[in-house]
Amino acid sequence: MPRKAIIKKIEIETYDSKTYTFEFEDGGPKGLDFNPGQFVMLSILGYGEAAISIAHDPDDKSGLDLTIRNVGSVTDALSRMKVGDLVGIRGPYGNGWPIDDAVGKRILLISGGCGCGTITPIILAHRNDQSRFKFVEVLHGARTPNDIIYRKHYEEIWPKIPNCNVLLSSDTVPPGQTWKHKVGFVLSLLKDMKSTPEDTLAFMCGPEVMMKFTALDMLKMGFSEDQIYCSMERRMRCGLGLCGHCQLGSKYVCKDGPVFSYAELQELPDHIIRGS
Amino acid sequence: MLLEKVRIPWAVAHLSKEYKVFGPVTRRSYVSFQEIPDGEGLNLEYTTTTLPPKKLFHHAETLLHYHKEDFSAPKLESDQHVLLFGVHPCDLNAIQRMDKFFSKDYIDSYYCRRRERSVIVALNCGVPDDKCFCASLGTGPDVKEGFDLLLTDLGEAYLVEVGTSKGKTMVAKLGLKNASQTHFHEKARRLREASKKFKKQIRMEGLAKQAAENPNHEAWALIGDRGGLAGCFACLSCGNCSMVCPTCYCYEVAEIPDVSLKEGIRKRELDSCQLLEYALVALGQNFRPDRRYRTRHWMTCKFGGAGGQQNTSCVGCGRCIRSCPSHIDLTEVARSLWGE
């Protein structure tokens, strides 16, 4: 059963994406204990459930932020809801990023489109306490400048965090949109980044085609298959490894994932994140 | 103990006082598990049923009720305990696998509650047909465990063996005669005879690995796209194989609103990985868009190489072969992967 939660705040990120702050209203804690990279199942009554990455500060238990793009029936219904409306939330589910392995190391965070949501908790954790990671570098891209979620944070707030570097790209810049950052795919930022394979773990979330080619370039730069982690998207109905939909060969993305190392993915079928 | 065949309806009627009894009943040319309160129409000579017993434990479930401003858990039914009469070894093995699957890492309360409220009278199988291959998987034709009572056809009577204390209580009320050593010898002889009747077999050990290591094997394109593996046509993505498979567990979840659109239920129902929508996500991306990927996934699952591992693997009942409109045969796919 989902827990009852109320929309407390809605922030418009782009023309099709919003960040919603939820608070649980079932007498239990208002927020959630979670590992960065985990997800929840969000219920909109009458429409169904969708798996949504947690885009919240892991040290803050006062609520739950989810950044959601309007792409399907559940998210479309949510986009028409207002502050005070009731939703259901189950979770957190999945493994999350291997944060414990990254403590004391450098982290390279790469995201495309709305893949930035699941990356955010790590940036916020680093903002709260810079003793955890030596260095955090954020590479983020979208199709156009108007598709960049958290734009103000990427441009103004997060670059000010000590030991944090932010690089942005846009695939194209349509007439009328302004852009002072790189024009090109996310992987074009690999040339400009400060990160090296040494002592670094790379966490990536975005369309599979983006992760495929970015990972291939990173392997050429000397990153190993065990240093690159990808967060996978699949149809999910339960989040518990029972409904079957998210299977990647012998693994359930909801239970064994959504985060898999590049090395693990090479053993699994039905995705394109591999060399050929 | 011995139960004469002529006393079967009486025994079923007796058990119906305490349980809702389901057993194999002939419907036109097919056999189906149906409620048989008085044992009428029970066909214990059957080979297989169209749907496996999972239809009584894992078919459809209401997950929640919602109404305009609120939602709540559904009230649990105060249903009567169920007795499944005449379950063959393949199906009993499948039930045991599904029991493990739904209680391994997460207890599925819907399934487990139904199973806790059920008892099984198993029936050793003496009538395999040309599609059965449980003997090569060790899941038949004889039952080894997982039953409350076990019947073996000895001609005029059934040999009755007790598996659990529930089974003991059940037979205590039936007043059965004791069996002798001769009856057990006859049971062994009949099972030996039954095991000689199988036409199909499968080499399952290492098959999941073989399938995983050969994702581009010609067999996948043949069954999925082109047809031609042992005379089969290309898969039609009808999903029959998963519906009739006793270990297929995948389910879809959907909201069913009432006419007011203000309230409704959230329901789960059996799904099939062979359907196009199974791996579809928002914006239209489909992670298994082609039939060869979907049939590869299903076959790999039945070989024990998918998420459910051994708990969702094949038990050799042959239902998928019987119900496939394209004549796709899992044992032939295995032979092809082995290069036979």
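The radius of gyration used here is taken over C-alpha atoms, and the globule rule sets it at 2.2 Å times the number of residues to the power 0.38. Keep that rule in mind as you open this structure, which is a predicted model.

**Stop 1: the whole of chain B**

Select chain B, whose 340 residues would have a radius of gyration near 20 Å if they formed a compact globule; the value for chain B is 21 Å, which agrees. If you turn the chain along its principal axes, its C-alpha atoms fill a box of roughly 65 × 60 × 40 Å. Colouring by secondary structure brings out 12 helices and 11 strands in chain B, and 44% of its 340 residues count as buried. Among the contacts in chain B with a separation of 6 or more, 69% join residues 24 or more positions apart.

**Stop 2: the two domains of chain B**

Now colour residues 2-60 and 76-195 of chain B as domain 1, and residues 207-247 and 273-337 as domain 2, following the domain assignment. The centres of these two domains, taken over C-alpha atoms, are separated by 29 Å. Where they meet, domain 1 of chain B gives 22 residues to the contact and domain 2 of chain B gives 15 residues. Which helix gives the largest share of the domain 1 side? Select helix α3 (residues 89-101) of chain B, which supplies 8 residues of that side. The domain 1 side as a whole divides into 10 nonpolar, 6 polar and 6 charged residues.

**Stop 3: a helix in domain 2**

Next, select helix α8 (residues 218-226) of chain B, in which Ala219(B), Trp220(B), Leu222(B), Ile223(B) and Gly224(B) are buried. In an α-helix there are 3.6 residues a turn, so residues three or four places apart point the same way. Show α10 and α12 (330-337) of chain B as well, since the buried residues of α8(B) pack against them. Just after α8(B) you will find Gly227(B), which takes a positive phi of about 80°.

**Stop 4: where chain B touches chain A**

Bring chain A into view and look at the contact between the chains, which takes 35 residues from chain B and 28 residues from chain A. On the side of chain B, the elements that give two or more residues are β4 (60-67), β10 (251-257) and α10 (291-302), and the largest share, 6 residues, comes from β10(B). By class, this side of chain B has 24 nonpolar, 5 polar and 6 charged residues.

**Stop 5: the sheet in chain A**

Hide chain B and find the open sheet of 7 strands in chain A, which run in the order β10-β9-β8-β7-β11-β12-β15 with mixed pairing. Its edge strands are β10 (182-183) and β15 (259-261) of chain A, each of which pairs on one side only. Strand β12 (residues 228-231) of chain A pairs with β15(A) in the antiparallel sense over 3 bridges, and there Cys230(A) stands opposite Phe260(A). Leaving aside its neighbours within four places in sequence, Cys230(A) is in contact with Met204(A), Met211(A), Phe260(A), Tyr262(A), Leu265(A) and Ile273(A).

Helix α3 (residues 120-128) of chain A is worth adding to the view, with buried residues that include Ile122(A), Ile123(A) and Leu124(A). What covers the buried residues of α3(A) includes β7 (106-112), β8 (135-142), β9 (164-170) and β11 (200-205) of chain A.

**Stop 6: the nonpolar core**

Finally, show both chains again and select the largest nonpolar core, which has 166 residues; among those that touch the most other members are Cys230(A), Phe203(A) and Ala122(B). The largest share of this core, 6 residues, comes from α3(B).

Methods: Residues are numbered from 1 along each chain as its sequence is written. Chains are lettered from A and ligands numbered from 1 in the order in which they are written. This is a predicted model: local features need pLDDT of at least 70, side-chain atom pairs count only at pLDDT 80 or more; totals for chains, interfaces and linings use all residues. Two residues are in contact if their C-beta atoms, placed from the backbone, lie within 7 Å. Helices (H or I, at least four residues) and strands (E, at least two) are DSSP runs, numbered from the N terminus. Ala, Val, Leu, Ile, Met, Phe, Trp, Tyr, Cys and Pro count as nonpolar, Asp, Glu, Lys and Arg as charged, and the others, Gly among them, as polar. Domain bounds come from an automatic or database domain assignment. A residue is buried if 20 or more other C-beta atoms lie within 10 Å of its own, exposed if 12 or fewer, and partly exposed in between; C-beta atoms are placed from the backbone. A nonpolar core is a set of buried Ala, Val, Leu, Ile, Met, Phe, Trp, Tyr and Cys residues joined through C-beta atoms within 7 Å. Two strands pair if DSSP finds at least two bridges between them.
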